[in-house]
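Work through the exercises below with the sequence and the model open. Each task is followed by a worked solution.

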Amino acid sequence: MLTVEGDISRTNGDGVARFDRAMLQELPQSTIVTHTPWTEGVSRFEGPLLGAIYEAVGAHGDSLHVVALNDFAADVPLAEAEQYDVILAMQRDGEPMPVREYGPLFVLYPFDDHSELQTEEVRFRSVWQVTHIVVE
């Protein structure tokens, strides 16, 4: 479901850390209830904190290069991910998110809780259909 590589010290094969759904669900989870620029109304998103993924792989970099199924990519600063408790959403309103609805993994910020996050720069970092993270 997710492959993490780059500046990491804990791997489970070929220098990368691979996570299936169950492994991601074992990490510290968080919930964000928010509007997004891409969905209608307020939704409840749940998933592991990006910071928890960083810790799980023994990462040492300060940026997460997040890559989607279609090769779209954006860099999420670790400090920002930790400051705002950014999650890798796996569920929306209690249901797993299919690919056609931004899943299976979606970098999600708590937009409604922090007006400073409602910028084009932050929206650009909100990668959906995530498959890969490179710690830099």
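**Exercise 1: the four-stranded sheet**

In this predicted model, four strands make up an open sheet with antiparallel pairing, in the order 3-4-8-9. Task: find which strands stand at the edges, and why one side of each is left without a neighbour.

Solution. Strand 3 (29-34) and strand 9 (95-96) are the edge strands; each has a single partner strand, so one side of each lacks a neighbour in the sheet.

**Exercise 2: bridges along the order 3-4-8-9**

Task: state how many bridges join strand 3 to strand 4, strand 4 to strand 8, and strand 8 to strand 9, and locate a residue pair for each.

Solution.
- Step 1. Strand 3 and strand 4 (residues 43-48) run antiparallel and are joined by six bridges. Here T34 stands opposite S43 of strand 4.
- Step 2. Strand 4 and strand 8 also run antiparallel, with two bridges. E46 is opposite Q91 in strand 8.
- Step 3. Strand 8 (residues 91-92) is joined to strand 9 by two bridges, again antiparallel. R92 has E95 of strand 9 as its bridge partner.

**Exercise 3: the five-stranded sheet**

Task: give the strand order of the open sheet of five strands, its pairing and its edge strands, then examine how strand 5 meets strand 6.

Solution.
- Step 1. The order is 2-1-11-5-6, and the pairing is mixed.
- Step 2. Strand 2 (17-19) and strand 6 (73-77) are the edge strands, each pairing on one side only.
- Step 3. On average, neighbouring strands of this sheet are turned by 20 degrees against each other, direction ignored.
- Step 4. Five bridges pair strand 5 (residues 63-68) with strand 6 in the antiparallel sense. V67 stands opposite A73 in strand 6.

Notes: Residues are numbered from 1 along each chain as its sequence is written. This is a predicted model: local features need pLDDT of at least 70, side-chain atom pairs count only at pLDDT 80 or more; totals for chains, interfaces and linings use all residues. Side-chain values use heavy atoms; hydrogens and water are left out. Two strands pair if DSSP finds at least two bridges between them. Axes are lines fitted to C-alpha atoms, for helices over the stretch in contact, and angles run from 0 to 180 degrees between N-to-C directions.
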